[in-house]
Amino acid sequence: MEKVLMKGNEALAEGAIRAGCRAYFGYPITPSSEIAEYMARKYPKIGGVFLQAESELAAINMVYGAASTGARVMTASSGPGISLKQEGISFIAEAELPCVIVNISRGGPGLGGIQPAQSDYFQATRGGGHGDYHTMVLAPASVQDMMDFAMEGFELADKYRIPVMIMAEGTLGQMMEPIILRDPVTPGYEKPWATTGCKGRKPNVITTLHLPPEELEQRNRYLKSKYDLIKAREKRAETFMTEDAKLVLVAFGLMSRVAKRAVMEVRKRGIKAGLIRPITLWPFPDEHIVEAAENGAKLFLSLEINMGQMVEDIKLALNGRSRVEFYGRIGIIPNPEEIVGVVMQIAEREGL
Amino acid sequence: MASTIIFSGGFGSGKSEIALNFTLEKKGEDNRETILADLDLVNPYFASREMKGFLQARGIRVLAPAGELVFGDVPSIPSEIIGLLQQENRIIIDLAGDEVGAVVLGYIRDYLLKRKDLEFFLVINPYRPFAGDVESIKELKNCLEKASGLNFTGIISNPNLVEETTVQVINDGHNKVLQYAEELNLPVRYLTVEERFYEELVVYYPQLLKKIKINLRPQWI
């Protein structure tokens, strides 16, 4: 099959189109803007709706409205814009509206910069807005993943009636790789809850207001049970050379590719290192971490493009079973040599 | 080769890598005063300004957004460009993609037209989105010419799938670009390929072929 050369942002947008998404609402921000630009160019030709909203708040509420009709709908932004969307995301999670929200992330806090980062990990995996809720979070590591995860994101969103976030570092949005274009799918999920005009049936009502305390608690218990089901079924990770590893690197997104190179290099030098790449950041693949510890990993090294966030989930997963260390940069993706240096230093100190 | 060379095209068509290579090659040939103007004001990812130190060490002046704006995405045009365009020198201009990238030329168009020889190249990689058929390319060409107020003088054929490029990928892609060129009534001036393909292909394209060293793409991808 002939490949095409795409930027991550373009591949993600094309993946959404191939998943049947025909509505995009957004407000541009570097390094995510190519997603909006791609939709703006493509939708007029294929009968989709591209709307540049007056703000991120407006955009996310347009997503709320469009998703209420059962349509596949998407928005994309970067850190500061994702923060603005949080109120709407909380409403969407409570109303159980399927949609895809993309964060092509850059360094914060505040305006920060526009260089790559993974520092929105806490925001993405802890819900991000008010109330007890989660979004599913997928972390692509290649341009092909950007297309595939966009398509998968819509499936998961419909399956569990949950907002799905795709989070990728700015560099992954901007860089180009040759990819295979996937076949378009026809969305097949029944959506009896959608507000599609109530001819011949009772009106569907989508609301997030639950004033009686019993009703509110029941609602939260119900959402909790849904999150437990997703945790039981959907944890995903890629493992590499972990079977006999004494030292396990944990890295997601583009960073995992750098880490993989580093593992291959230190293996040549006789260090028994391995890699776990979380693909779902929520639910966090804690069982993969525990399994590596049970196989004899003494030490885990969390590699992140932030100041140490996923490292907490690794510690929670291990619950004291093995030691956990952290190495991170921000705005800069370390190269494999830098990681090899860090690993060799640890290996020497620990006598691995 | 002209004293003013501008590379324009779609996003990700290869403009920055090609501009860097042309700049180094021309400077190496005649040691004439050479300026690389990085006018990519859309965003700083994979822009030729990343090579500023390397180029300066080789006597090439790099014009790019100043100070911390190097890392920014604001429309900051290096102020010296107006003065430099009125002097004797060689200026190579690297733009951001699409019409949003070419629009900056509108601002310096009058100075560009006063220079005695001007090359305005349309860089095409037919494996990129919006470059896969003649209609898209026609639309791109019209948008770029309208935004810049300049007419293209030639095409640079840059068919590649980065690491997955093969001789066949180059040949098939180049044939497509030749068809575009005919439809657009523009000459293909160069066929750019990575160094590793040069020996094998130079016999087939002795006039057109130019080898390119990749500078901006991280090795670990």
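Which side chain of chain A meets that of Asp98(B) in a salt bridge? In this predicted model, the partner is Arg41(A), and the separation from N to O is 3.0 Å.

**The interface of chains A and B**

That pair belongs to a contact to which chain A contributes 32 residues and chain B 25 residues. Putting the two chains together buries about 2600 Å², and carbon and sulfur atoms account for 59% of this area. Across the interface there are 4 salt bridges, and 10 residue pairs are found in polar contact, both residues being at pLDDT 80 or more. On the side of chain A that touches chain B, the elements giving two or more residues are β1 (4-7), α2 (33-46), α7 (170-174), β8 (176-179) and α9 of chain A, with the largest share, 6 residues, coming from α2(A). The residues on this side of chain A comprise 14 nonpolar, 6 polar and 12 charged.

**A sheet in chain A**

Chain A holds an open sheet of 5 strands with mixed pairing, in the order β9-β11-β10-β13-β14. Because β9 (237-240) and β14 (323-328) of chain A stand at the edges with a single partner strand each, one side of each is left without a neighbour in the sheet. From one strand to the next, the twist averages 20°. Strand β13 (residues 299-304) of chain A runs parallel to β14(A) and is joined to it by 6 bridges; within this part of the sheet, Ser302(A) stands opposite Phe326(A) of β14(A).

**A sheet in chain B**

In chain B, 8 strands in the order β3-β2-β4-β1-β5-β6-β7-β8 form an open sheet whose pairing is parallel. Its edges are taken by β3 (61-63) and β8 (209-212) of chain B, each with a single partner strand, so one side of each lacks a neighbour in the sheet. Neighbouring strands here are turned against each other by 25° on average, with direction ignored. Strands β1 (residues 4-9) and β5 (residues 118-124) of chain B run parallel and are joined by 6 bridges, and Phe7(B) has Phe121(B) in β5(B) as its bridge partner.

**Helices against the sheets**

The table sets out helices that touch these strands, with the angle to a reference strand.

| Helix | Strands touched | Angle and reference strand |
|---|---|---|
| α9(A), residues 254-268 | β9, β10 (247-250), β11 (273-278) and β13 of chain A | about 165° to β11(A) |
| α5(B), residues 104-114 | β1, β2 (34-39), β4 (90-95) and β5 of chain B | about 165° to β4(B) |
| α6(B), residues 134-148 | β1 and β5 of chain B | about 145° with β5(B) |

Helix α9(A) thus appears both lying across strands of chain A and among the elements of chain A that touch chain B.

Key: Residues are numbered from 1 along each chain as its sequence is written. Chains are lettered from A and ligands numbered from 1 in the order in which they are written. This is a predicted model: local features need pLDDT of at least 70, side-chain atom pairs count only at pLDDT 80 or more; totals for chains, interfaces and linings use all residues. Side-chain values use heavy atoms; hydrogens and water are left out. Two strands pair if DSSP finds at least two bridges between them. Helices (H or I, at least four residues) and strands (E, at least two) are DSSP runs, numbered from the N terminus. Axes are lines fitted to C-alpha atoms, for helices over the stretch in contact, and angles run from 0 to 180 degrees between N-to-C directions. Contact means heavy atoms within 4.5 Å. Buried area is the accessible area (1.4 Å probe) that two parts lose on being put together, summed over both. A polar contact is a pair of N or O atoms within 3.5 Å; within protein, one must be able to donate a hydrogen and the other to accept it, and residues adjacent in sequence count only if both atoms are side-chain atoms. Ala, Val, Leu, Ile, Met, Phe, Trp, Tyr, Cys and Pro count as nonpolar, Asp, Glu, Lys and Arg as charged, and the others, Gly among them, as polar.
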